[in-house]
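User: I've got this model open and I'd like a close look at one part of it, with everything that hangs together around that part. Could you walk me through it in plain words?

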Amino acid sequence: MSTKIEVNAMGDACPLPVVKTLKALKQLDGEGAVVTSVDNETAVKNISKMAQEKGCTASVEKISDAEWHVTVATAGAVAVADPEQDGAAFCDASTGKGELVISVYTDCMGRGDDELGHKLMKAFIFAVTQQEELPATMLFYNGGAKLTVEGSPVLDDLKGLAEQGVEILTCGTCLDHYGIKDQLAVGEVTNMYVIVEKMEQAVRVVRP
Amino acid sequence: MAPGALAQVLGDLPNVHNDNLLVGFDTSDDASVFRVGENLGLVQSIDFFPPMVDDPFLFGQIAAANSLSDIYAMGGRPSHAMNLLCIPSCLGVEVAGKILAGGADKCVEAGCSIAGGHTINDDEPKYGLSVSGFVSLDRMLANSGARAGDVLLLTKAIGSGIITTAIKGELIEQDEAAAMFDSMRTLNEAPIRLAEGLELHGCTDVTGFGLIGHACEMAEGSGVQVELASGAVPLFDQVLDMARLGIIPAGSYRNQDFFGPRVAADEDLEPGMLDALYDPQTSGGLLIAAPAADVDELARRLDAEGCIAAVIGRVCEAMPGGPAVHVVR
């Protein structure tokens, strides 16, 4: 039986629509079709080129002036060149392997008692360090920004994670807001563009 | 901006005529030239863009090499420049400092003084320079100087738009593209310096309109036809692979739409080649039209300095109703 995967690439600029379609073809792993919705003609042309290169057939349905559905059909498994075989760029969401992003938007886990919330956050970050699969990236924003600066109760755990290759990113606007930018003690400062990109490209985003 | 839209906007603007303004925007040239002496022209140009690399110092170098290039493309030497920097406050002083340091590094290499500049807050970083320089008017190189019988020389490889797009899509690692970044930050100074004593007819730098687009402007400005030998065009690693995979920036299609009607391409081109030749370049090389003997000598001198110098085509008589650019295998 052939399967069909729908991919939403509306609002995505090149090369994301092609990359998303490639990922879906890989996930298909056999006969089937990937239907990608896009909102620009560049994406339509680029996906069609990729389909031709991969020996698939592409058909385009114009829904409106700002929406096209590109169907890439394949009779068998498509070989997807995988530049980061061990990495996360091309991963299979269904098996749970792939890029994990932990997004920390507060220094207090859960609602109810803040004192308890701070203890829970400390336990959460420690628990992350004990996991078999570490996240690729941890994002810290708003109250979460207080966790990556000098004096943070979880600083040692975060430094340990950073040493093991976990990317620790803290929102610069938030550090500025709390006046603690000069106290950042682990990882790098980032901006909203990167935060959005990391979340979009993640296979899973986990929030404490 | 897309080439068609830009022409439309510029066409309607009022302007003051001045006999000393030898090159303005009506000839699609790289920089303006204003006569300030009997044989002396003031060359001016401005360019800036958002980062295509993560490293702020490298970005500064690339943006500066790109801004300085317009002066070289007119046959001139840059003398002084002003920085233009847009930067989000969240990126902080350190990043701004590194971008400007990259720019300063290239200006020093070019012997160009930085005379000041302007910085504003913006959501997305952008950097470039407004550059001034001087040219002896009898050595001035317009893009409209190509003559039938000339040979075409290209001084950098093509495909930076496609490769930058592939890096964005994580299909290529930044490290793999080191040669391309090196090329992007290389000044276009050597071809002009080494052309001393040689006869050059036409010159332009290859940037946003892609190799075909800039060749097209050269052909039409000079009233000739340009024949591009696609197989001789130097390409960065993996450009054709990525083009065939559909990793092509939107600008390449805009260039095809605008210049396509004036271009004839043979059917037997390598797959992906046309996309590469229309690919918008950042800080691309110079495209030079000159007699074969002078091109050979310039290529020999560039080669001796380790610079790229590829003969990629020839200039022919224009045929009535014929294409401006003919791309052959």
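How many residues does the contact take from chain B and how many from chain A? Please start there, then tell me what each partner looks like behind that contact.

Analyst: Sure. Keep in mind that this is a predicted model. The contact takes 20 residues from chain A and 20 residues from chain B. On the chain B side, two helices each supply at least two of the residues that touch chain A: helix 4 (160-168) and helix 9 (250-259). Helix 4 of chain B gives the largest share of that side, with 3 residues. Sorted by class, the side of chain B that touches chain A has 12 nonpolar residues, along with 4 polar and 4 charged ones.

Now for what lies behind that side in chain B. The domain assignment splits chain B into domain 1 (17-139) and domain 2 (151-328). Taken over C-alpha atoms, the centres of these two domains of chain B are 22 Å apart. They touch each other as well: the contact takes 19 residues from domain 1 of chain B and 17 residues from domain 2 of chain B. On the domain 1 side, helix 2 (56-73) and helix 3 (92-110) of chain B each put in at least two residues. Helix 2 of chain B has the largest share there, 10 residues. By class, that side of domain 1 of chain B, the one touching domain 2, comes to 9 nonpolar, 6 polar and 4 charged residues.

Over to chain A. Here you'll find an open sheet of 4 strands, in the order 1-2-4-3, with mixed pairing. Strand 1 (3-8) and strand 3 (57-64) of chain A sit at the edges with a single partner strand each, so one side of each has no neighbour in the sheet. On average, neighbouring strands of this sheet are turned by 15 degrees against each other, if you ignore direction.

Take the pair at one end of that order: strand 3 of chain A and strand 4 (residues 67-74) of chain A run antiparallel and are joined by 7 bridges. Within this pairing, Ser64(A) stands opposite Glu67(A), which belongs to strand 4 of chain A.

Two helices pack on the sheet. Helix 1 (residues 16-28) of chain A touches strand 1, strand 2 (32-38) and strand 4 of chain A, and its direction makes about 160 degrees with that of strand 2 of chain A. Helix 2 (residues 41-53) of chain A touches strand 2, strand 3 and strand 4 of chain A, and the direction of this helix makes about 165 degrees with that of strand 3 of chain A.

Methods: Residues numbered from 1 in each chain as written. Chains lettered and ligands numbered in written order. Predicted model: local features only at pLDDT ≥ 70, side-chain atom pairs only at ≥ 80, totals over all residues. Pairing = 2+ DSSP bridges. Axes fitted to C-alpha atoms, helices over the stretch in contact; angles between N-to-C directions. Contact = placed C-beta atoms within 7 Å. Nonpolar A, V, L, I, M, F, W, Y, C, P; charged D, E, K, R; others polar. Domains from an automatic or database assignment.
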